[in-house]
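Let's walk through this one together, beginning with the ligand and its surroundings. Keep the viewer open as you read.

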Amino acid sequence: MLAFRMKIDVLTIFPEFFGAVFDFGIIRRAKLAGIVEINIYDLRSFTTDKHRKTDDTPFGGGDGMVLKCEPIFNAIEQIIGTCERENYPKKTRVVLLSPQGKPLKQAVAREFADEANHIVLICGRYEGIDERVNDALITDEISIGDYVLSGGEPAAIVVADAIVRLLPNALGSETSAVNDSFTGNLLDYPHYTQPRDFRGIEVPEILLSGNHAEIEKWRQAKALEKTRLNRKDLLNEI
Ligand code: ADE
């Protein structure tokens, strides 16, 4: 039997949303290689009422609907075996995707990849989620950026992708995460491939020189230049 390095379970009211998103490229390869198992769960299947309601109006009034506790508690109980956070297995994380969460950074993805072997991603919806879910079940609340999506589903895809590609052996030997943007708080340097001359636009001479020390210096300088231009904030973190 395959021993998966990581299991990712996604809890959503829109299971079809995930269609084939995890069936391409690095994630597909990681699944086939037994590095990760990804399951999509329909929150509605954990309801117990006749109307299979996953949301309801907010206490205290206000717009929109709030995701109910019960289906989420039922789901966690079934998926993890307990809905008492202190009894979760040590390497299990239950993540709520929401704009109120901690920002997703490369270091956060790295921490999950290194320290977890089971991640449950709960996709928030509507105006929010009953706070008792957050209080009792959630180990990490994550936002993918300072903007509001209509639901946590795209964010769950982003988080899963960022983590899976960091799992040991997920990237082929031809690639590596070592030089990724944000590793060391710099953006990536520019890349070029064939042809050398494309419509009169030439590849920088230095890259053709074969001088690896000089190429490395050029790449560092370019990475710094790009970071200064687009993400000055990162330079304060070095
Ligand atoms: N749900 C809605 N907006 C979100 C965001 N920015 N990050 C994560 N989940 C979200």
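The space taken by the ligand is the largest pocket. A pocket here is an open set of points on a 1 Å grid over the protein atoms alone, with protein on both sides within 12 Å along at least five of seven lines; the ligand sits in one if more than half of its atoms lie within 2 Å of its grid points. Bear in mind that this is a predicted model, where local features need pLDDT of at least 70, side-chain atom pairs count only at pLDDT 80 or more, and totals for chains, interfaces and linings use all residues. Numbering runs from 1 along each chain as its sequence is written, and side-chain values use heavy atoms, leaving out hydrogens and water.

So who's around the ligand? There are 13 residues, with Ser98, Ile144, Gly145, Tyr147 and Leu149 coming nearest (near means a heavy atom within 4 Å). By class, eight of the shell residues are nonpolar, five are polar and none is charged, with Gly counted as polar and Tyr as nonpolar. Strand E5 (92-103) gives the largest share, three residues; strands are DSSP runs of at least two residues, helices of at least four.

Now look at the backbone. Ligand nitrogen to polar backbone atom, the distance is 3.1 Å for Gly145, 2.8 Å for Tyr147 and 3.0 Å for Leu149. The ligand taken alone exposes 260 Å², and the protein buries 97% of that (Shrake-Rupley, 1.4 Å probe).

Strand E5 has another job for your eyes: Arg93 forms a salt bridge with Glu111, closest N and O atoms 3.0 Å apart (the cut-off is a side-chain nitrogen of Lys or Arg within 4 Å of a carboxyl oxygen of Asp or Glu). Arg93 lies in E5 and Glu111 in helix H3 (residues 106-115), so the pair ties together parts 18 residues apart in sequence.

Notes: A polar contact is a pair of N or O atoms within 3.5 Å; within protein, one must be able to donate a hydrogen and the other to accept it, and residues adjacent in sequence count only if both atoms are side-chain atoms. On a 1 Å grid over the protein atoms alone, a cavity is a set of points where a 1.4 Å probe fits but cannot get out, and a pocket is an open set with protein on both sides within 12 Å along at least five of seven lines; lining residues have an atom within 4 Å of a point.
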